[in-house]
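Work through these exercises with the structure open. Try each task before you read its solution.

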Amino acid sequence: MKHEEANKEIGDRGAEGQRGRGTERQRGKRVGGNSKIQNVQSPVPNPQPVVPNTQSPVPNLDNWLEIGKIVSPQGLSGELKVYPVSDFPERFEVPGKRWLLRLDGTEPQPIELLTGRYISNKNLYVIKLAGVKTCDQAETLRGCKLMVPVSDRPQLAEDEYHVLDLIGLEVFMQGSGELVGTVVDIIAAGNDLLEVKLHPSFTTDKGQMTNDKKQKTVLIPFVEAIAPVVDLKSNRIEITPPPGLLEINN
C-alpha cells in the first residue's frame with residue numbers, strides 16, 4: 001500500500017506511523033509476511049505574507065492528496081523544510097509542478113518545485129520553490145501544505161495498494177463468507193495493519209457486543225498469509241485469521 005509514491009519498506013523514508021486519510025501513502029506489499037505500501041502552471045511570483053482568516057470557507061480537498069507540510073524556512077536563500085506524508089521521494093526530489101495550499105486558501109495553487117533533498121536523521125525534506133528567494137518569503141509559507149491531484153497517483157508494483165483504495169473495503173472470513181467489518185484505516189507498523197470496524201452482526205454472533213454499544217475495531221496484519229484475497233473491483237478483502245486474532249476486550 002502506498003500513501004503516496006515510491007516503493008519502500010515501512011520504517012524507511014517517509015512519515016513513519018502516520019495515518020493514511022487524504023495523504024499519499026502506499027501500504028500492502030504482502031510478501032513473505034512483510035508488508036509494503038506504496039503521485040504549476042508557472043512559477044509563483046514572490047509570495048505575499050499569509051494572514052490566516054478564520055472566516056474563510058473550509059477547502060474542499062476531495063480531489064487532492066497531501067504530500068507534505070512546510071514546517072519552517074531552511075537557511076537564508078528561501079529553502080523550506082517539509083515534513084513528508086508521502087512514501088514517494090520523487091514528490092520532493094524531482095523538479096516539476098506541485099500545488100500549494102495556503103493557510104487561508106480554499107484550493108491548492110500551482111507552484112514549481114526546483115530542487116529537493118532528504119535529511120535522513122530528521123525525516124524531513126529541504127526543497128526550493130520558484131519565486132521563494134529569501135528567508136522572509138519562506139517564513140510566510142510556514143504551515144502551508146503541498147498537494148497533488150488524486151489522479152496523479154504513481155503506478156504500483158504487483159500486489160501493492162494505495163491506502164485510499166483499501167479504506168472502505170469490506171472484510172470477509174474466507175472460509176465461511178461471514179462479513180467481519182469494514183477497513184477504516186491503515187496503520188504503519190512492522191507489518192502494515194488494517195484497522196477494521198467490526199460489523200454489529202459479527203460482534204453479536206461472537207458474543208462480543210459491549211455495554212457501551214460502540215462498534216469495536218480490530219487490527220489485522222496486512223500480510224498474504226492472513227489476507228490472501230484483495231479484490232478492489234468487488235470491494236472486498238478475504239481473511240484467514242489465526243485463532244484469537246479477532247477477539248476484542250470487553
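**Exercise 1. Strand β3**

Find out how many residues of strand β3 (residues 64–74) are buried, and which strands pair with β3.

Solution.
- Step 1. Keep in mind that this is a predicted model.
- Step 2. Count the covered positions. Eight of the eleven residues in β3 are buried, so the strand is mostly covered, given that buried means under 20% relative accessible area.
- Step 3. Look for one partner. β3 pairs with strand β4 (residues 79–84) in the antiparallel sense, over six bridges. Ile70 has Val82 in β4 as its bridge partner.
- Step 4. Check the link. Four residues lie between β3 and β4, and the two strands form a hairpin. In the turn, Gly75 has a positive phi of about 75°.
- Step 5. Look for another partner. β3 also pairs with β8, in the antiparallel sense, over five bridges. Here Gly68 is matched with Leu146 in β8.

**Exercise 2. Lys69**

Is Lys69 buried, partly exposed or exposed? Then list what Lys69 is in contact with.

Solution.
- Step 1. Place the residue. Lys69 is part of strand β3.
- Step 2. Read its relative accessible area: 38%. Lys69 is partly exposed because this value falls between the cut-offs of 20% and 50%.
- Step 3. Leave aside neighbours within four places in sequence. Lys69 is then in contact with Lys81, Val82, Tyr83, Gly143, Cys144 and Lys145.
- Step 4. Pick Gly143 from that list. Lys69 and Gly143 are 74 residues apart along the chain, yet their C-alpha atoms are separated by 6.2 Å.

**Exercise 3. Thr140**

Where does Thr140 sit, and what does its side chain reach?

Solution.
- Step 1. Find the loop between α2 (135–139) and β8 (145–149). Thr140 is in that loop.
- Step 2. Test for burial. Thr140 has 17% relative accessibility, so it counts as buried.
- Step 3. Follow the side chain. It reaches the backbone oxygen of Gln137 at 2.7 Å.

**Exercise 4. The nonpolar cores**

Which residues have the most contacts inside the largest nonpolar core?

Solution.
- Step 1. Take the core of 22 residues. Leu166, Leu194, Ile220, Ile237 and Ile239 have the most contacts inside it.
- Step 2. Trace the elements. Those giving two or more residues to this core are α3 (163–166), β11 (179–187), β12 (193–198), β13 (217–221) and β15 (236–239).
- Step 3. Zoom in on Leu194. Beyond four places in sequence, Leu194 touches Val183, Asp185, Ile186, Val218, Leu219, Ile220, Phe222 and Ile237.
- Step 4. Look elsewhere. Another core, of 19 residues, lies apart from the largest one. Among its residues are Ile67, Leu80, Val132 and Val148.

**Exercise 5. Confidence**

Where in the protein chain is confidence lowest, and where is it highest?

Solution.
- Step 1. Start with the whole chain. The average pLDDT is 78, and 70% of the residues score at least 70.
- Step 2. Compare strands. Confidence is lowest in β1 (residues 2–3), at a mean of 52, and highest in β7 (residues 124–129), at 97.
- Step 3. Mark the weak stretches. Residues 3–21 stay under 50 in pLDDT, with 99 contacts beyond four places in sequence in the model. Residues 27–54 are below 50 too, with 129 contacts beyond near neighbours in sequence.
- Step 4. Draw the lesson. Predicted coordinates should not be read in detail where pLDDT is low.

Notes:
Residues numbered from 1 in each chain as written. Predicted model: local features only at pLDDT ≥ 70, side-chain atom pairs only at ≥ 80, totals over all residues. Heavy atoms only, no water. Buried < 20%, exposed > 50% of the residue type's maximum accessible area, 1.4 Å probe, protein only. Polar contact = N/O pair within 3.5 Å; in protein donor to acceptor, adjacent residues only side chain to side chain. Pairing = 2+ DSSP bridges. Core = buried A, V, L, I, M, F, W, Y, C linked by side-chain atoms within 4.5 Å. Contact = heavy atoms within 4.5 Å. pLDDT = per-residue confidence, 0-100.
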